[in-house]
Amino acid sequence: MASVAGPETTRSDHPPLDRAVLQGFYRRMRAVAPAAVGAIERDRADDPTRSFADTACGRLARSLDHDGLRALGMWAHHWCMRFYDDDTRPGLRLVREIAERFGLGWTADEVRWMLRESRVAGPSAEARFTLPLAALRELAPGQLSAAELALAGCPVGEPSAIVPRQLRRR
């Protein structure tokens, strides 16, 4: 699965991501895409009030390891940003559920890629920063600069102001 604009596109002023890194993302997303499409389609036709664990997307998410779950999240994020005008409720629910999980091992390049996708989607896609911001919280301070976040249109200030979930006061 290639991005709408293609892998060589820098998404405005962003420096391009390494081609091998991008190909790795697309290879991983292609591996989960058929199951994700099927799960989303089944969930569209199902009861939207059903608990996530009992949905096709929930069963798919439960079956994946951390790498697979990150790939599923990236694919669902990409799909929801591209097709926001369609009925994306099951996809958005999947993105929110993955965003609530901590310790998936997100990389700075994965977060950069999702932020670029979010920037291109524009403000009409209300949930466009849900997963990138959740993934960003897992990165060590300084892995993404404030300039990168500002360039992406990310609604947060300094990356150091983001407190990982396990360190927040309850």
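## Starting at Arg128

Let's start with Arg128, which sits in the loop between α5 and α6 (130-136). This is a predicted model, and in it Arg128 comes out as buried, with a relative accessible area of 16%. The cut-off for buried is under 20%, so 16% puts Arg128 in that class.

What does Arg128 touch, leaving aside residues up to four places away in sequence? The list is His77, Met81, Ser118, Ala121, Gly122 and Pro123.

## The overall layout

Stepping back, the protein is built with seven helices and zero strands. Reading from the N terminus on, the order of elements is simply α-α-α-α-α-α-α.

There are 170 residues, and 47% of them count as buried. Take the contacts with a separation of 6 or more: 69% of those are between residues 24 or more positions apart. On the outside, the protein exposes about 8700 Å², with carbon and sulfur atoms supplying 52% of that area.

## Salt bridges in helix α3

Side chains of opposite charge can pair when their charged atoms come close. How many salt bridges does the structure hold? The count is seven.

One of them joins Asp67 to Arg70, with the closest N and O atoms 2.8 Å apart. Both residues belong to helix α3 (residues 66-82), and they are three residues apart, about one turn of the helix. Their surroundings are not alike: Asp67 is partly exposed at 43% relative accessibility, whereas Arg70 is buried at 8%. Arg70 falls in the buried class because its 8% is under 20%.

This pair also belongs to something wider. Arg28, Asp67, Arg70 and Glu110 are linked in a network of salt bridges.

## Arg112 and its two partners

Now for Arg112, which pairs with Asp109 in a salt bridge whose closest N and O atoms are 3.1 Å apart. Here again the two partners share a helix: both lie in α5 (residues 108-121), three residues apart, or about one turn of the helix. Asp109 is partly exposed, with a relative accessible area of 26%. Arg112 has a relative accessible area of 19%, so it counts as buried, the cut-off being under 20%.

Arg112 also meets the side chain of Glu148 in a salt bridge, at 2.6 Å from N to O. That pair links distant parts of the chain, with Arg112 in helix α5 and Glu148 in helix α7 (residues 146-151), 36 residues apart. Is Glu148 buried or partly exposed? Glu148 is partly exposed, with a relative accessible area of 23%.

## A positive patch on the surface

Not every arginine here is tied up in a pair. Arg42, Arg59, Arg62 and Arg101 gather on the surface in a patch of positive charge. Patch residues must have no salt bridge, so these four arginines are without one.

Where does Arg59 sit? Arg59 lies in helix α2 (residues 56-63). At 43% relative accessibility, Arg59 counts as partly exposed. A patch takes residues with over 30% relative accessible area, so Arg59 at 43% clears that bar.

How values were computed. Residues numbered from 1 in each chain as written. Predicted model: local features only at pLDDT ≥ 70, side-chain atom pairs only at ≥ 80, totals over all residues. Heavy atoms only, no water. Helix = DSSP H or I, 4+ residues; strand = E, 2+ residues; numbered from the N terminus. Buried < 20%, exposed > 50% of the residue type's maximum accessible area, 1.4 Å probe, protein only. Patch = residues over 30% accessible without salt bridge, like charges linked within 9 Å, V, L, I, M, F, W, Y side chains within 5 Å. Areas by Shrake-Rupley, 256 points an atom, 1.4 Å probe, with all protein chains shown as cover. Lys, Arg positive; Asp, Glu negative; His and termini not counted. Charge placed at Lys NZ, Arg CZ, Asp CG, Glu CD. Contact = heavy atoms within 4.5 Å.
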